[in-house]
Amino acid sequence: MLSASTRAAGRSDGRTVGPWLPLAVLLSVSPTVRLSAQGLFSQFSYDNLKPSALQLDLGPVGGNNIRGTLTGGLRLDYGRIAPHVRVLLGLSYYKADFSAAARARFAQRLDSIVNPSTRDTIDLGRITWSDVTGDVDLQYVLQGRAVTTYLGIGLGAHVRHGSGPSINGTFVQDALNSITAGLNGTIATEVGAKRWRFIVEARGVLSSGVSTVALRSGVTYRWATTRDKGRGTGK
């Protein structure tokens, strides 16, 4: 027959075992959680961050407030911060005409500000919008022998400038000049196993004023690493 003390110790009514059970579970699980977190973060390192490749690309771009045009970019592969994650620094440029719908909306807003009591017809003429963008991307790389695929996400700073015969030097042009942030996503394929590689890239950008989608192609030059020199490849 069990003693009273044994029965008391074995009760699960929340007065004896209950308060200690969550603590016991936490103590048994927390080392595993800590080790998993340490294993994840230990993969990230700044030691391999250094310039390793240069990319030039060109292709069509379209957006919600602009007509289609061409965009070009220059990108620097700055090495890997984790086994499959690389850092890419980019600079790109395009100059596009305002779409007819965007120009009409802009004219309506101007009319409501300048003369809100009377509806007027405002002819803005041709308006162009140029965009210079600096990006920092993190790209997840699926490395193959001759074909490499990568998915990326990044942040960009957009410097925009509006111009047109009827708005140059006016407050309208000032309203179109802006600096804003953007979020971008990339999916691309890189073909080649030596220094020169061909790339095809789809890139979408979400930003204030203009959101765009571009399809670019170009070339990447990847210079020799210490490991490549040891193998004597890549000529």
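Two strands are taken to pair if DSSP finds at least two bridges between them; in this predicted model, strands E3 and E4 are joined by 13 such bridges and run antiparallel.

**View 1. The barrel and the order of its strands.** Eight strands close into a barrel with antiparallel pairing, in the order E1-E2-E3-E4-E5-E6-E7-E8. On average, and with direction ignored, neighbouring strands of this sheet are turned by 25° against each other. Strand E4, residues 128-142, pairs with E3 over 13 bridges and with E5 over 15, again in the antiparallel sense, and a hairpin of four residues connects E4 to E5. Within the pairing of E4 and E5, aspartate 137 stands opposite glycine 154 of E5. Strand E5 is paired in turn with strand E6, residues 178-191, through 14 bridges in the antiparallel sense.

**View 2. Serine 92 in strand E3.** Serine 92 lies in strand E3, and its bridge partner in E4 is threonine 133. Because its relative accessibility of 8% falls under the limit of 20%, serine 92 counts as buried. Apart from neighbours within four places in sequence, serine 92 is in contact with Thr71, Gly72, Gly73, Arg75, Asp131, Val132, Thr133, Asp135 and Arg216. Leucine 58, which is 34 residues away from serine 92 in sequence, has its C-alpha atom 9.4 Å from that of serine 92.

**View 3. Valine 159 between E4 and E6.** Valine 159 belongs to strand E5, which spans residues 147-163, and its bridge partner in E6 is isoleucine 179. With a relative accessible area of 44%, valine 159 is partly exposed. When neighbours within four places in sequence are set aside, the contacts of valine 159 are Ser130, Asp131, Val132, Ser178 and Ile179. The C-alpha atom of threonine 180, 21 residues along the chain, is 6.8 Å from that of valine 159.

**View 4. The largest nonpolar core and phenylalanine 98.** The largest nonpolar core has 17 residues, and those with the most contacts inside it are Phe98, Phe106, Leu124, Ile127 and Leu176. Strand E3 (85-97), helix H3 (100-114) and helix H4 (171-176) each supply at least two residues of this core, and H3 gives the most, with four. Phenylalanine 98 has a relative accessible area of 4% and is therefore buried. Residues up to four places away in sequence not counted, phenylalanine 98 touches Asn65, Arg67, Arg103, Phe106, Ile127, Trp129 and Leu176.

**View 5. Aromatic pairs.** The model contains three aromatic pairs. In one of them, phenylalanine 98 and tryptophan 129 meet edge-to-face, with 5.1 Å from centre to centre and 65° between the planes. This pair links distant parts of the chain, since phenylalanine 98 sits in the loop between E3 and H3 whereas tryptophan 129, 31 residues apart from it, is in strand E4. Tryptophan 129, at 10% relative accessibility, counts as buried. Tyrosine 221 and tryptophan 223 form a tilted pair, their centres 6.5 Å apart and their planes at 50°. Tyrosine 221 is partly exposed, at a relative accessible area of 31%, and tryptophan 223 is partly exposed at 30%. Trp196, Tyr221 and Trp223 form one aromatic cluster; in the strand pairing, tryptophan 196 also stands opposite tyrosine 221 of E8.

**View 6. Strand E8 and its two faces.** Side chains alternate along E8: Thr212, Ala214, Arg216, Gly218, Thr220 and Arg222 point to one face and are buried, while Val213, Leu215, Ser217, Val219 and Tyr221 point to the other and are not. Strand E1, residues 49-63, is joined to E8 by nine bridges and runs antiparallel to it, with aspartate 57 having glycine 218 as its bridge partner in E8. Strand E7, residues 196-207, is joined to E8 by 10 bridges, also running antiparallel. In the hairpin of E7 and E8, where four residues lie between the strands, glycine 209 takes a positive phi near 95°.

**View 7. Arginine 222 in strand E8.** Arginine 222 is found in strand E8, residues 212-222, and is buried because its relative accessible area, 16%, is under 20%. Its side chain is joined to that of aspartate 77 by a polar contact of 3.1 Å. Without counting residues up to four places away in sequence, arginine 222 touches Ser52, Ala53, Asp77, Arg86, Glu190, Arg195 and Arg197.

Technical notes. Residues numbered from 1 in each chain as written. Predicted model: local features only at pLDDT ≥ 70, side-chain atom pairs only at ≥ 80, totals over all residues. Heavy atoms only, no water. Buried < 20%, exposed > 50% of the residue type's maximum accessible area, 1.4 Å probe, protein only. Contact = heavy atoms within 4.5 Å. Core = buried A, V, L, I, M, F, W, Y, C linked by side-chain atoms within 4.5 Å. Axes fitted to C-alpha atoms, helices over the stretch in contact; angles between N-to-C directions. Polar contact = N/O pair within 3.5 Å; in protein donor to acceptor, adjacent residues only side chain to side chain. Phe/Tyr/Trp six-rings, centres within 6.5 Å; stacked < 30°, edge-to-face > 60°.
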